[in-house]
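I opened a notebook for this structure and wrote down what I looked up, entry by entry.

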Amino acid sequence: MSHRLLTAVFAALALAGCAKPPANPPPAQPASQAATPASTPGEELQARAAALFKPLPAEMASEQHPSTEARVALGRMLYFDTRLSKNQAISCNTCHDLARYGVDGAPTSAGHKGQRGARNSPTVYNAALHIAQFWDGRAADVEAQAKGPVLNPVEMALPDAAGVVKVLKSIPGYSPAFQAAFPGEADPVTFDNAAAAIGAFERRLVTPSPFDRYLAGDANALTAEQRAGLATFMDTGCTTCHNGVGIGGGMYQKFGLVKPFDTQDTGRAEVTGSDADRFMFKVPSLRNITETAPYFHDGKVATLDEAIRLMAEHQLGRTLTDTQVGEIHAFLGSLKGEIPAAYIVRPALPESGRDTPKADQG
Ligand code: HEC
Ligand code: HEC
């Protein structure tokens with residue numbers, strides 16, 4: 001970085017009213033403040049970003065789990081159907097509200113009888129891209145994941161797979177929908193097929209954002225502050241873990257890599273039984289992160305600025321200045337995508353039949 005650039009950065013920091021000098025070297029690519037010809041550093045920043053991140057695909061298709069219109073339509077109904085819960089008051093959408101960026105905004109979620117698990121509800125948007133599902137990666141994909149909450153006693157609390165099938169078969173409108181979604185199957189109304197349909201629906205929950213337009217070549221899709229934040233995000237080392245198409249979601253890492261975090265949750269060690277996996281968690285995607293507070297697996301951190309600061313300290317051993325935190329926050333704002341409004345409209349659900357179980361509060 002040229003001396004002139006450095007001076008410009010420090011001048012900008014001083015102007016921003018930053019009393020103490022930054023503890024870390026300033027970002028190497030302050031695209032916004034650059035007094036040099038605009039295109040060069042801008043193009044360089046874009047090229048660096050293109051090497052680390054990838055734009056979102058139009059849908060998160062899977063060869064193993066083909067997504068057809070009939071499957072998606074069935075999956076959408078099941079996603080919103082509270083009859084898949086014991087008290088018939090809870091659906092996937094209760095904890096992953098699609099109109100609220102796929103979260104409920106609570107540190108931990110209230111499920112059956114108001115019981116709470118120990119973890120924060122992550123968003124379902126773009127989740128199908130992750131290497132695995134859940135904070136600890138215990139489900140391989142969204143299809144496998146969808147079976148978890150329905151039978152989880154503190155979530156939807158149905159007794160077992162047979163109990164789910166009983167509910168589905170008691171609702172006359174579901175049989176033709178399953179037949180259309182799984183053509184050629186003699187007995188398509190199964191728990192596995194219900195989960196596969198929900199997965200098919202989730203595979204189209206993508207939220208393309210300004211950052212995707214930036215990666216596709218439109219340098220002006222990001223504001224000057226967002227571009228400065230992108231540089232800071234990369235220079236600080238956040239991209240060691242938060243990279244790729246999800247800006248996260250692609251690997252497991254230790255929570256508290258450099259400095260331990262105060263948590264009882266040992267993460268992936270509970271799945272693998274291996275001591276080496278203690279406090280390992282899936283690196284979360286940062287897409288829509290400005291919309292999905294509170295933060296971390298236990299939802300204990302209320303603000304994004306605090307989450308950014310803690311990440312730098314505990315994962316990288318670095319102390320960020322207020323300016324750097326603000327820039328990174330601005331950059332993360334460019335990951336806020338568009339909610340597919342028409343796609344997520346709550347569908348009309350088939351009516352209950354005579355044998356459909358009644359709500360059970362017990
Ligand atoms: C009572 C609240 C609640 C309900 C109802 C619920 N979930 Fe979740 N969901 C959670 C929580 C909490 C987690 C994280 C748990 C963990 O990682 O151990 C989670 C995790 C997920 C994930 C993983 C995302 C990721 O990034 O790893 C997906 C996908 C998901 N849920 C989809 C669904 C679907 C589909 C349904 C309906 C069949 C559903 N959830 C019902 C609370 C809920
Ligand atoms: C060594 C890997 C690593 C590095 C480096 C890293 N992170 Fe993280 N990040 C993680 C992991 C793992 C989690 C999940 C922590 C947990 O269990 O809650 C996480 C969580 C987060 C969250 C909360 C996500 C959510 O949905 O609640 C934010 C925000 C975040 N990181 C931002 C950053 C920023 C900004 C940087 C750079 C200053 C950074 N991270 C550096 C691994 C990393």
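Entry 1, helix H3. What span should the twelve residues of H3 have, and how far apart are its end C-alpha atoms? I took 1.5 Å a residue, which gives an expected span of 16 Å for H3. The end C-alpha atoms of H3 are 17 Å apart, which agrees. I note here that the model is a predicted one.

I then looked up how covered H3 is. H3 is mostly covered, with nine of its twelve residues buried. The buried ones are Arg 71, Val 72, Leu 74, Gly 75, Arg 76, Met 77, Leu 78, Tyr 79 and Phe 80. I checked their packing partners and found H4, H8 and H9.

Entry 2, the whole protein. I counted 14 helices and two strands in the protein. The protein has 362 residues, and 43% of them count as buried. I also looked at contacts with a separation of 6 or more: 71% of them join residues 24 or more positions apart.

Entry 3, the cores. Which residues touch the most other members of the largest nonpolar core? This core has 42 residues, and I found Leu 74, Leu 78, Leu 84, Val 164, Ala 194, Ala 197 and Ile 198 in that role. The elements giving two or more residues to this core are helix H3 (69-80), H7, H8 and H9. H9 gives the most, with seven residues.

I followed Leu 78 further. Setting aside neighbours within four places in sequence, I found Leu 78 in contact with Leu 84, Ala 194, Ala 197 and Ile 198. Another core, of 29 residues, lies apart from the largest one. Its members include Cys 238, Ile 289, Tyr 295 and Leu 335.

Entry 4, helix H7. In H7, residues 161-170, I found Val 164, Val 167 and Leu 168 buried. Why do I say that they line one face of the helix? Seen down the axis of H7, the buried residues fall within an arc of 95 degrees, so they line one face. I recalled the general rule: an α-helix has 3.6 residues a turn, so residues three or four places apart point the same way. The buried residues of H7 pack against helix H6 (147-151), helix H8 (174-181) and helix H9 (191-202).

Entry 5, a proline. I placed Pro 176 in helix H8. Pro 176 counts as partly exposed because it has 13 C-beta neighbours inside 10 Å. I compared its position with that of Pro 188: the two are twelve residues apart in sequence and 9.4 Å apart in space, C-alpha to C-alpha.

Entry 6, ligand 1. I found 25 residues around ligand 1, of which Cys 92, Cys 95, Gly 111, Phe 134 and Pro 149 come nearest. Helix H4 (92-95), helix H5 (142-145) and H6 each supply at least two residues of this shell. H4 has the largest share, three residues. By class, I noted 14 nonpolar, nine polar and two charged residues around ligand 1.

Entry 7, ligand 2. Which residues come nearest to ligand 2? Of the 26 residues around it, they are Cys 238, Cys 241, Tyr 295, Phe 296 and Met 311. Helix H13, residues 304-316, has the largest share of this shell, six residues. I noted 18 nonpolar, eight polar and no charged residues in the shell around ligand 2.

Conventions. Residues numbered from 1 in each chain as written. Chains lettered and ligands numbered in written order. Predicted model: local features only at pLDDT ≥ 70, side-chain atom pairs only at ≥ 80, totals over all residues. Buried ≥ 20, exposed ≤ 12 C-beta atoms within 10 Å, placed from the backbone. Arc of directions from axis to C-beta. Contact = placed C-beta atoms within 7 Å. Near = placed C-beta within 6 Å. Nonpolar A, V, L, I, M, F, W, Y, C, P; charged D, E, K, R; others polar. Core = buried A, V, L, I, M, F, W, Y, C linked by C-beta atoms within 7 Å. Expected span 1.5 Å × (residues − 1).
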